[in-house]
Amino acid sequence: MSRVVIRTEVLGKEYRRGVQATSGLLRDSIAEAFSSPVRFFRRKSMEKFWVLRNICLEVNEGEILGLIGRNGSGKTTLLKILSRITRPTEGWAEIHGRVGSLLEVGTGFHPELTGRENTYLSGAILGMGKKEIRRKFDEIVSFAELEKFVDTAVKHYSTGMYVRLAFAVAAHLEPEILLVDEVLAVGDIKFQSKCLGKMGEVARTGRTVILVSHQLSQIRRLCQRVVWLDAGQLRKAGPAAEVVSAYEADMTSSGLDGSRPVEGRAQFLRWKLGGSSTSCDHILSTDGKTTVCFFLRVNEPLQGVHLGVTLYDQASHPLWSRTMEGLNLKTGLHEIRYTLASLPLRPGVYSWRVGVYDSGVRVDDWDSLPKMQVVTVPFAQTRDDIAGFLNVPSELEIVPSEQSS
Amino acid sequence: MTTNLANVEQVHGARAASPVQRIQPPRAWFELRLAELWQFRELVYFFVWRDVKIRYKQTVLGVAWVIVQPLLTMLMFTIFFGKLAKMPSQGLPYPVFYLAAVVPWAYFSSALLTVTNIMVENQRVITKVYFPRLVLPVSAVFSGLVDFFVGFVVLVVFTLSYGMRPSFPILLLPFFLLLAVMTVLGVGLWLSALNALYRDVRYLIPFLVQFWMLASPVAYPSSLVPERWRWVYGLNPMAGVIEGFRWALTGRVPSPGSVLYVSVAIVCVLVLAGLLFFNRMEGVIADRV
């Protein structure tokens with residue numbers, strides 16, 4: 001019987017909604033306190049909401065626990081409480097062992113410093129001692145495959161190099177409990193699988209991992225047990241396959257992203273990649289034929305509307321777009337399916353945007369979530385920062401050419 | 001039942017083996033948490049190291065600037081307050097009189113500014129990983145000392161070149177430096193936490209520093225303050241620091257005396273109150289910074 005290393009009792013976190021809305025200036029707070037003292041002090045009791053409530057959990061030693069749920073369901077908040085970044089409002093948690101958290105890749109990196117300096121700095125911030133970092137330094141650098149660049153300032157690194165070094169530092173943390181938030185979704189597919197291997201290794205040595213991910217296939221592969229959070233509450237906990245299936249079923253049946261209220265004449269609910277060669281719903285791993293599906297619920301019949309879709313890169317540059325005019329749609333759920341002969345993109349994060357307009361007036365316009373991960377193997381060994389977007393096989397020939405006289 | 005008992009025992013065994021943390025809503029008002037800060041002393045070192053490294057990497061002038069700045073300030077003071085306004089200098093040559101004040105003052109004003117901004121500048125780290133937040137202001141207070149020591153060398157060279165040979169009081173110099181460091185920490189803890197919660201606090205700093213300099217014996221000797229008000233003057237701990245520097249380095253001016261006792265007392269209160277306030281705000285900072 002394995003022992004419990006994390007236990008939480010009725011854990012809850014409350015935020016004040018007004019916090020972001022006010023200007024955050026001392027001047028204004030003072031002015032407000034003087035001008036309307038009643039409202040100033042009552043505001044506290046008015047605009048509170050729970051991002052997490054009644055969370056009772058037990059995590060065993062050596063277990064990889066998956067944490068799933070929609071955006072805003074409280075996954076990150078739970079990790080932040082367990083890693084002591086933020087404090088709970090009620091309840092308590094008890095943790096046995098040293099905790100390391102990995103909520104972001106490259107925590108504490110400074111662009112002006114070299115790879116070597118950043119390794120020490122980031123390692124120290126993540127909780128490693130100086131001696132420990134010195135001992136693991138060579139291992140970290142070779143894991144990141146950056147031997148030649150350790151003494152180059154990180155600002156000259158490509159995105160891929162930066163991410164590899166950042167993850168390598170994090171992967172060499174040896175806490176008894178590791179909390180990971182969505183950071184495995186970086187790098188090319190080869191580096192990803194290397195990271196996954198490292199995670200499995202961590203758990204085999206008796207350490208405990210809590211992993212947040214939107215990539216359900218990853219959760220299925222890595223985790224024994226999964227907890228599903230829904231609107232800050234614990235919806236279901238149990239064996240990975242069971243909980244993930246229930247979650248997927250819920251996603252397809254209601255199909256609603258938590259942040260999108262049901263209203264309007266029509267609404268996009270979710271999107272997915274179709275086609276047999278894709279490994280997961282929102283991950284593109286082929287450069288061949290690709291199908292993209294958007295689910296649109298039409299609440300009132302639409303006549304002669306305009307439908308548009310655009311693919312953007314991470315910097316919001318449009319890469320591909322298609323529009324259609326004069327479309328008639330009946331009420332009900334529609335699946336809008338685009339099939340592209342090929343979508344040869346380099347690895348990275350891309351996003352889709354779909355919109356329906358009725359004579360120029362917006363019916364729905366959706367920056368679709370989650371974003372699309374492209375994990376193809378790059379054909380060309382070009383530096384990431386100058387490689388562009390296209391991943392197309394090419395041939396290179398250099399032949400002597402006679403100068404025509 | 002037996003399995004239950006075994007389980008309980010195992011949990012207790014685990015408690016003995018590895019550190020147990022209990023995470024709960026903030027309660028106590030009186031948490032200093034200095035032991036935790038000590039555990040993270042290596043991180044303090046790394047933050048100081050980072051600050052210094054970046055500061056010297058990004059500036060063209062680097063060390064030269066650190067030397068030139070106090071010298072130029074001293075020169076201005078000597079010309080305008082010394083030669084033109086004929087300010088009394090307690091028998092010290094003006095360059096020594098002013099440099100002995102400018103060097104600790106430059107540390108105080110720049111460190112105070114750094115500490116105030118430290119939580120906001122490290123916002124990303126604060127919201128992504130845990131370490132005692134106290135590490136940040138403490139490291140900011142120390143990283144300013146590197147510039148101070150460069151300036152201090154200049155100060156010593158000047159003092160010696162004017163034929164002054166420090167005697168016994170020089171041994172107390174580290175104590176006056178500590179007083180300056182603690183003043184920055186005590187005030188900085190309040191300002192850094194407040195600045196994380198309210199962004200306009202940083203705009204108050206230049207005014208505060210200017211005001212504070214006029215209230216400190218930088219441009220004039222504290223002997224201008226009437227004797228019976230001298231202790232009130234000591235409520236500004238920088239008065240004790242600057243008078244202390246002049247006294248310890250040259251040995252030619254009267255020791256700070258009553259000013260110093262009041263300064264030490266007020267700094268103790270400031271640091272203690274700053275620690276309590278900072279720790280109280282710590283839980284809120286990650287949510288609001």
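A residue counts here as buried when its relative accessible area is under 20%. With that cut-off in mind, colour the two chains of this predicted model separately and begin with chain B, where 52% of the 289 residues count as buried.

**Chain B as a whole**

Show chain B as a cartoon, and you will find 12 helices and one strand, arranged along the sequence in the pattern α-β-α-α-α-α-α-α-α-α-α-α-α. Turn the C-alpha trace onto its principal axes, and its span comes to about 90 × 45 × 40 Å. If you then switch on the surface of this chain, you are looking at about 13,600 Å² of accessible area, of which 71% belongs to carbon and sulfur atoms. Among contacts in chain B with a separation of 6 or more, 81% are accounted for by residues 24 or more positions apart.

**A nonpolar patch on chain B**

Next, select Leu61(B), Val63(B), Trp65(B), Ile67(B), Val68(B), Leu72(B), Leu75(B), Met76(B), Ile79(B), Phe80(B), Phe81(B) and Leu84(B), which form a nonpolar patch on the surface and together have about 1,100 Å² of accessible area. Within this selection, centre on Trp65(B), whose place is in helix α4 of chain B, residues 63-84. Trp65(B) counts as partly exposed, because its relative accessibility is 39%. As a point of background, nonpolar side chains in soluble globular proteins tend to be buried together.

**The largest core**

From the surface, move inward to the largest nonpolar core, which has 166 residues, and pick out Ile68(A), Leu78(A), Ile210(A), Tyr107(B) and Phe131(B), the residues with the most contacts inside it. Helix α5 of chain B, residues 94-121, gives the most to this core, with 17 residues. Now centre on Ile210(A) and display its surroundings: leaving aside residues up to four places away in sequence, Ile210(A) touches Ile6(A), Val59(A), Leu65(A), Leu67(A), Leu79(A), Leu82(A), Leu178(A), Leu179(A) and Val180(A). A second, separate core has 29 residues, including Leu273(A), Leu345(A), Val354(A) and Val374(A).

**Chain A and its strand β3**

Widen the view to chain A, which has 10 helices and 18 strands, and in which buried residues make up 52% of the 405 residues. The accessible surface of chain A comes to about 19,400 Å², with 51% of it belonging to carbon and sulfur atoms.

Select residues 64-68 of chain A, which are strand β3; five of its five residues are buried, so the strand is largely enclosed by the rest of the structure. With side chains shown, Ile64(A), Gly66(A) and Ile68(A) point one way from β3(A), while Leu65(A) and Leu67(A) point the other way, and all are buried. Add strand β7 of chain A, residues 208-212, which runs parallel to β3(A) and is joined to it by four bridges; here Ile64(A) stands opposite Val209(A). β3(A) also pairs with β8(A) in the parallel sense over four bridges, and on that side Gly66(A) stands opposite Val226(A).

**Strand β12 and its two partners**

Continue to strand β12 of chain A, residues 290-298, which is mostly covered, with eight of its nine residues buried. Strand β10 of chain A, residues 266-274, runs antiparallel to β12(A) and is joined to it by eight bridges, and Leu273(A), already met in the second core, stands opposite Val292(A) in this pairing. Strand β15 of chain A, residues 332-340, also pairs with β12(A) in the antiparallel sense, over nine bridges, and there Leu340(A) is the bridge partner of Thr290(A).

**Two backbone stops**

Most residues other than glycine have a negative phi, and the last two stops depart from that pattern. Select Arg84(A), whose phi is positive and near 70°, in the loop between α4 (75-82) and β4 (90-96) of chain A. Arg84(A) is partly exposed, because its relative accessible area is 27%. Then select Ala231(A), which has a positive phi of about 50° although it is not a glycine, and which is found in the loop between β8 (225-230) and β9 (233-239) of chain A. Ala231(A) counts as exposed, because its relative accessibility of 59% lies over the 50% cut-off.

Notes:
Residues numbered from 1 in each chain as written. Chains lettered and ligands numbered in written order. Predicted model: local features only at pLDDT ≥ 70, side-chain atom pairs only at ≥ 80, totals over all residues. Heavy atoms only, no water. Patch = residues over 30% accessible without salt bridge, like charges linked within 9 Å, V, L, I, M, F, W, Y side chains within 5 Å. Areas by Shrake-Rupley, 256 points an atom, 1.4 Å probe, with all protein chains shown as cover. Salt bridge = Lys/Arg side-chain N within 4 Å of Asp/Glu carboxyl O. Helix = DSSP H or I, 4+ residues; strand = E, 2+ residues; numbered from the N terminus. Buried < 20%, exposed > 50% of the residue type's maximum accessible area, 1.4 Å probe, protein only. Core = buried A, V, L, I, M, F, W, Y, C linked by side-chain atoms within 4.5 Å. Contact = heavy atoms within 4.5 Å. Pairing = 2+ DSSP bridges.
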